[in-house]
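Here are a few exercises to try with the structure open beside you. Have a go at each task before reading its solution.

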Amino acid sequence: MATWMARLRNWLPAGGRLSDKDWAGRHRLLTVLLGLCMVFFTVFGVLRNAGVQELLSTDGLVLVALMAATLLTNRRVRSLAVALGYVSACGGFVIVCDGLTEAHFTFFILIPALALYRDWVPFGGFLVGTTLHHAGFGVIEADHTFGHHAAQQHPLVWALLHGAAVLAAASFQLVAWRFNEIEEARAEEHLSESQAQLSVAFDETPVPMAMFATDGRLLRTNAAYRTWLRLPDEVPADFTVRDLPLRPMMPDEPRYAQLLTRTREPVTMTRQYLRTDNGAVIWVQTHATGLYDRDGGLQMIFVHCNDVTEVRDHEAELRHQVRHDSLTGLLSRKAFEHDLAEMLAAATEPVSVIYLDVDRFKTINDGAGHTTGDDVLRALAIRLTHVVPAGARLARLGGDEFIVALTGPAGAGVQVGDNILASLGEPLAVGGHELPVACSIGVTTATGAISADDVVLAADTAMYAAKRAGGNRLQVYTDELRVPVQQKIAAEARVRRALAADPRFTLPLWFQPVVSTVTGRIAGAEALVRMRTPEGEILSPFHFIGAAEETGLIVPLGEHVLRSAVEHLLHWHDRLGYVSVNVSPRQLAEPDFVPMVASLLSGLPGLDPSRIVLEITETALLSSTVDVSERLTVLKQLGVRIALDDFGTGYSSLTWLKSLPADIVKLDRSFVAGLAEDQRKASIIQAVLWLAQSLGMSTIAEGVEELADWEALRAAGCPAVQGYFFSKPLPAAEFDVMLLQSHERSTFEGVHLHETMGTAVAG
C-alpha cells in the first residue's frame, strides 16, 4: 500500500513550481476575472429579482476573497482566497438561478482556470469548497441548489455525484498538468546541459570573451578575459566598461551598442587602446554580436577580443621595409616614385627634383671594401637628412644614387643642391676616420602635368652632365642635355637589333694590316667591328661601342667579334700569321670570359692558339675590378698571346710592362706622329724597344701615316707597324685582295709598298 501511494505521489504533479513572475501574472488575471464575476453576478441577480440577502452575502464573500487575494503576502493563501471566492461566486450564481442544472457548469469552467496556479492548495480548495457547497446548501436550501426533484429529495447523494463529476473533470487537468511538468523538467534538463556546455566553452576558451548590458555593465567574463585585463575573479556587480583598464585612442569612435542597434549584424572592428594599468598602447580586434528580444530591442552584447598588437606592429614593419631602404633608412625607389607622383598631381607650386651620385664611389668600394662603402652611404644619408628641408622626400635609389623631391619656388631645388655641395665640404665620419666625399648633382624643376618618370630622367640626365664635366658640381637640366641621352638610347637599340639579327651581316669585321718592317709583308691584322644599319649604312664603333659598354652588351658583342675573327683567320690560314681582337674592361671582368675563350679553342684543335692576340688597353687594366694579372696568366696558359694596347697613355706604363704577362707592346700613335722630326720621341721609342726586347716582348707601332715615320721606325728596329700609311681598316673582301697581293710580292722599299697597297686600297 505504501509503495502504491509513493508511486501515486511521484506521478501526481508537484504543484507550486511557478516562478514568482509567472505566478504574479496568472494571479492577477484570475483576481481580475473574480472581480468581473462579482459585478456580473450582482447585475444578473438584480435582473432576476434575487433577494437582497442572497446578493449581499455572495458579494460580501467574494469581496473578502478579493481583499485577501490582494493584500496578503503569502501566495498560497492568496491563491486559496481566489479559489474560495470563485466557489462563493458560483454558489451564489446557482442560488440566483434556483438550482438550474446548467448553472452548475460554472464550477466545471473554473476548474481549468484555477489549474493555472499549478498548485495543489487553490486547486484542492476549490474541489473541497465545491463539494461542501453542494452538500451543505443541498440540505439547507435544496430547492435553490438543485433544480430537479430527485436531487432535492437526496441532496447528499447528488452533492457527492456533483463532487465526483467535478473531480473527474479535474483529473484531466491533473494529467495535463503532470505532462507539462514532465516536459518542463526535460526542457530544464536540456537547458541545464546546454548551459553547462556553454559555460565550458565560454569559460575555458583561451580567447578573451565578455558579455555586456546595453548600459555598459559587465555581465559575465571568462578566465582569459580577466587574465588579459588583470581583473579579479569576482567582478563587482556595478562594474562597467568605463572601469576597464582600456582607454580608446580615438574616443569619438562609435560604440558597439550604437552599431549593433543600427545594423543588427555582427560588428568586427580593430581599435587602438591605451592600457591604463601599464601604459602600453595596444591594438585590439573585437568581434561583437548583439542578443535581441522579440521586438528587436538590443538586450545584451557578446564580444570576443584578440590582442593583435604584434600583428599590427609586424605589418607596420613590413610597410616600413617596403617604403624604406634597408641600408640607409631613407625612402626606397618605389616609395619615392609613388610619393613624387602624388606631389606632381597635387602640387600648386613647382616641384624640384635633385639627383645625386657619389663621385668615384667605385674607388672607395675597391680600395676600402664594401663594408666601408656601406658606411659611407649611411653617413651620407645622415648628412643629407640634416640638409634637406622638412617636408621634402629623400630616397636612395640604389647603389650610390640619392634623390630629393620638394615643392617651392623655381630656385628652391638649386638652393638645396648648393647646400648639399657645401655640406660635403666637410669630410664624412666613417669608421673613426674623416673621409672626403664629393657628389655630382642634377636638378630639374617640373610644373604642370608631367610624369614622375620623366622628371627623374631629366634630373638623372643633368647629374650625368655634371659628372662628365668633372664631378663635384651641380648641373641644372636643359633640353639640350637630353640629346646625348637620346643618342645613347638609340645606340643601345641599334646594338640590340644587330645582335638579335645575323651578326655576321649586321656586325661585320673590318681588318687593318700589321706590316713587318723586315719583310714588308702583312704579318697580321687587327679585327675591328662595324655596324650595318637596315638602310645599308656602315657605322664606325664610335656610334655604338660606348652604349654597348654601359649596358653590358659589349660581352655578347665581343664574343661575336672574337669568333668571327677566328673564322676569318682559318679562311686565311696560309696567308695571315695572326689576328688581334680588342678586349674591353667589361669583357675582361666577366667570369665567363676565360671559359668562353677556352671553349672556342677546344673546338679548333688544328689552330695554333698563338695566332690569336687579345689586345688589352692600359685604361682597361686600371679600371678593372678583377685581378688582371691572374686572369691574363690563365689566358696565356691557353696559348693565346696578349698585347698591351695604347702603351704610353696610362699612368704607370713601365710598371705594367714589368708586372703583366704581355707578349706584344703596341706604341700609341702619339709617340709615332712626327717621330722623324722629334729626337726626344726617337729616344723614348728606342728605350721602349730595348725594354720590351729585354722582357721578351715584341713591339708594334700604331698610327704610322708618313713615309718618314715608317723609315725612322724601321731604322730604330721596330719589328712591325700599323697605320694609314699602309691601309685603313678594310672590309674582309678588300682585305683578302690586299692579303693576296702581299703574299705574292715582297718589297723592302716603303714607297714601292705604299704604291702597291695604295692601288689595292683604291681598288
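At 7% relative accessibility, C305 is buried. Keep in mind that this is a predicted model. C37, with a relative accessible area of 29%, is partly exposed.

**Exercise 1. Cysteines**

Work out how many disulfides the model holds, and what the surroundings of C37 say about the count.

Solution. Start from the cut-off: a disulfide needs two cysteine sulfur atoms within 2.5 Å. Next, look at C37, whose closest cysteine sulfur belongs to C90, 7.1 Å away. That is too far for a bond. The count for the model is 0 disulfides.

**Exercise 2. Two packed helices**

Describe how α23 and α25 are arranged, and find the residues through which they meet.

Solution. Two packed helices are described by the angle between their axes and the distance between the axes. For α23 (residues 593–602) and α25 (residues 628–637), the angle is about 5° and the axes are 10 Å apart. Angles under 35 degrees count as roughly parallel, and α23 and α25 are therefore roughly parallel to each other. Now turn to the contact: α23 brings F593, V594 and V597, while α25 brings R631, V634 and L635. Sorted by type, the residues of this contact are 5 nonpolar, no polar and 1 charged.

**Exercise 3. Salt bridges between distant parts**

Find which parts of the chain are tied together by the salt bridge of D359 and K467, then do the same for K666 and E615.

Solution. Side chains of opposite charge can pair when their charged atoms come close. The model has 20 salt bridges. In one of them, D359 and K467 meet at 2.9 Å, N to O. D359 sits in the loop between β7 (351–358) and α14 (361–368) and K467 in helix α17 (residues 452–468), so their pairing ties together parts 108 residues apart in sequence. D359 is buried at 8% relative accessibility, whereas K467 is partly exposed at 26%.

Move on to K666 and E615, whose closest N and O atoms are 2.9 Å apart. K666 belongs to strand β21 (residues 664–667) and E615 to strand β19 (residues 612–617), so this pair ties together parts 51 residues apart in sequence. K666 is buried, with a relative accessibility of 2%, and E615 is buried too, at 1%.

**Exercise 4. One more bridge, and a network**

Locate D663 and K636 in the chain and say whether each is buried or partly exposed.

Solution. The side chains of D663 and K636 form a salt bridge of 2.5 Å, N to O. D663 lies in the loop between α26 (653–659) and β21, and K636 in helix α25, 27 residues apart. D663 is buried at 17% relative accessibility, while K636 is partly exposed at 29%. Finally, salt bridges with shared partners join E526, E615, K666 and E702 into one network.

Terms used: Residues numbered from 1 in each chain as written. Predicted model: local features only at pLDDT ≥ 70, side-chain atom pairs only at ≥ 80, totals over all residues. Heavy atoms only, no water. Axes fitted to C-alpha atoms, helices over the stretch in contact; angles between N-to-C directions. Helix = DSSP H or I, 4+ residues; strand = E, 2+ residues; numbered from the N terminus. Parallel < 35°, antiparallel > 145°, perpendicular 65-115°, else oblique. Contact = heavy atoms within 4.5 Å. Nonpolar A, V, L, I, M, F, W, Y, C, P; charged D, E, K, R; others polar. Buried < 20%, exposed > 50% of the residue type's maximum accessible area, 1.4 Å probe, protein only. Salt bridge = Lys/Arg side-chain N within 4 Å of Asp/Glu carboxyl O.
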